[in-house]
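Got your viewer open? Take a seat, and let's walk through this structure one selection at a time.

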Amino acid sequence: MRVTVTGGSGLAGFAAVEHLLDAGHAVISIDRRPPPKAITEYRLIDCQDLGQVYGACRGVDAILHLAAIPRPIHHSPDEVFRTNIMTTFNIFEAAAVLEIPRVVYVSSMSVTGLPFSYKPIRLAYLPIDEAHPQAPQDAYALSKALGEDIAAAFVRRMAGALSVVSLRFPWIHTPATFKSTLTPLQDDPAGGATNLWGYIDTRDVARACRLALEADISGQEAFYISARNTFMKTDTVSLAQAYYPEVGIRSPLAGKASLFDCSKAAAALGFEALYSWEDY
């Protein structure tokens, strides 16, 4: 398969490029900045320019779309929203015009409204699954939720000629950032509460992306993709009861089990996370 990867120079994007190459796929990596290493064909483009997107996606079999401003804290809200929405629209417009049959859209657990909400989010239940209500407030969460709406619109437009897999990831980390960022929060559970103490290793992100590209799926499907556990040493039920006492727990949570239910991804994509902060 020949795949264009947007945001291919980023933390998760470069991991995905490496993994796809190792799996035997041909990759064109596109980004506004060069990759950490020149391991495949890459192009420096701005995905907000539709013409540039057309050029980078012509002749490919699929698009893996990771390009985005990844959080709303270092840019103005209008820039976050405009950038993320226009890049996403352009990717789907290019897929439609160029008749590219599969797009994998990297969404976010932020469609729940967490973790950047201006006002507290009232969760309906735990663990979170794909049926849980969406409640975005900030520019990033809104851009991700509307990105899934854009995907659905293009699936309708293409009437069976396009399929889309949306992957809702929690906080993305590497073994290095497990130590630098997650470990300190183990003594500050409140600091990780709005992330539901969730995370995923970049290598699992990359594998989930590949499985989504290869999966036999029609229409549009969304999946939560997470590590199997939280990044805390405290058991999950105790954390949930302490920080979300009003929220019902709908299924058993043993030990440090994740508060994201990934059973749909396991069934449809064959995905189960392989990596844990505990390994490091």
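Here is a tour that starts with the whole chain and then goes to the sheet, the cores and a few odd spots in the loops.

**Stop 1: the whole chain**

Before you click anything, keep in mind that this is a predicted model. Show the protein chain as a cartoon: there are 9 helices and 9 strands in it. Now show just the C-alpha trace, which spans about 50 × 40 × 35 Å along its principal axes.

How does the radius of gyration fit with a compact globule of 280 residues? Such a globule would have a value near 19 Å, and the protein chain has 18 Å, so the two agree.

Switch on a surface next. The chain exposes about 11,700 Å², and carbon and sulfur atoms supply 53% of that. As for what is hidden, 54% of the 280 residues count as buried. The chain also brings together residues that are well separated in sequence: of the contacts between residues at least 6 apart, 74% join residues at least 24 apart.

**Stop 2: the sheet**

Hide the surface and colour the strands. You're looking for an open sheet of 7 strands, with parallel pairing and the order 3-2-1-4-5-6-9. Which strands stand at the edges? Select 41-44 for strand 3 and 220-224 for strand 9: each has a single partner strand, so one side of each is left without a neighbour in the sheet. Tilt your view along the sheet, and you can look for the twist: neighbouring strands are turned by 20° against each other on average, ignoring direction. As a reminder, strands of a sheet pair through backbone hydrogen bonds, either parallel or antiparallel.

Now go through some of the pairs:

- Select strand 1 and strand 2, which pair in the parallel sense over 5 bridges. Thr 4 stands opposite Ile 28 in strand 2. While you're here, colour 26-31: 5 of the 6 residues of strand 2 are buried.
- Move to strand 4 and strand 5, which run parallel and are joined by 4 bridges. Look for His 65, opposite Tyr 105 in strand 5.
- Then take strand 5 (102-108) with strand 6 (163-169), a parallel pair with 7 bridges. Val 106 has Leu 167 in strand 6 as its bridge partner.

Stay on strand 5 for a moment. Is it buried or exposed? 7 of its 7 residues are buried, so this strand is largely enclosed by the rest of the structure. Show the side chains to see its two faces: Arg 102, Val 104, Val 106 and Ser 108 are on one side, with Val 103, Tyr 105 and Ser 107 on the other.

**Stop 3: the nonpolar cores**

In soluble globular proteins, nonpolar side chains tend to be buried together. Here, the largest nonpolar core has 32 residues. Select Leu 64, Leu 167, Phe 169, Ile 225, Leu 269 and Phe 271, the ones with the most contacts inside this core. The elements giving two or more residues to it include strand 1 (2-6), helix 1 (11-22) and helix 9 (263-269). Which helix gives the most? That's helix 7, with 7 residues.

Zoom in on Leu 64. Leaving aside residues up to four places away in sequence, Leu 64 touches several others, among them Val 3, Val 5, Ala 16, Leu 20, Val 104, Val 106 and Cys 209.

There's also a second, separate core of 28 residues, including Ile 121, Ile 128, Leu 196 and Trp 277. Keep Leu 196 in mind for the last stop.

**Stop 4: odd spots in the loops**

Most residues other than glycine have a negative phi, and most peptide bonds are trans. Here come some exceptions.

Go to the loop between strand 5 and helix 4 (139-158), where you'll find Pro 115. A cis peptide bond joins it to Leu 114, with omega about -5°. In the loop between strand 5 and helix 4 you can also pick out Pro 127. The peptide bond from Leu 126 to Pro 127 is cis, with omega near -10°.

Finally, select Leu 196, in the loop between helix 6 (189-192) and strand 8 (199-201). Its phi is positive, near 55°. Leu 196 counts as buried, at 1% relative accessibility. Next click on Trp 197, which has a positive phi of about 55° and is buried, with a relative accessible area of 0%.

Note on methods:
Residues numbered from 1 in each chain as written. Predicted model: local features only at pLDDT ≥ 70, side-chain atom pairs only at ≥ 80, totals over all residues. Heavy atoms only, no water. Pairing = 2+ DSSP bridges. Axes fitted to C-alpha atoms, helices over the stretch in contact; angles between N-to-C directions. Rg over C-alpha atoms; globule rule 2.2 N^0.38 Å. Buried < 20%, exposed > 50% of the residue type's maximum accessible area, 1.4 Å probe, protein only. Contact = heavy atoms within 4.5 Å. Areas by Shrake-Rupley, 256 points an atom, 1.4 Å probe, with all protein chains shown as cover. Core = buried A, V, L, I, M, F, W, Y, C linked by side-chain atoms within 4.5 Å.
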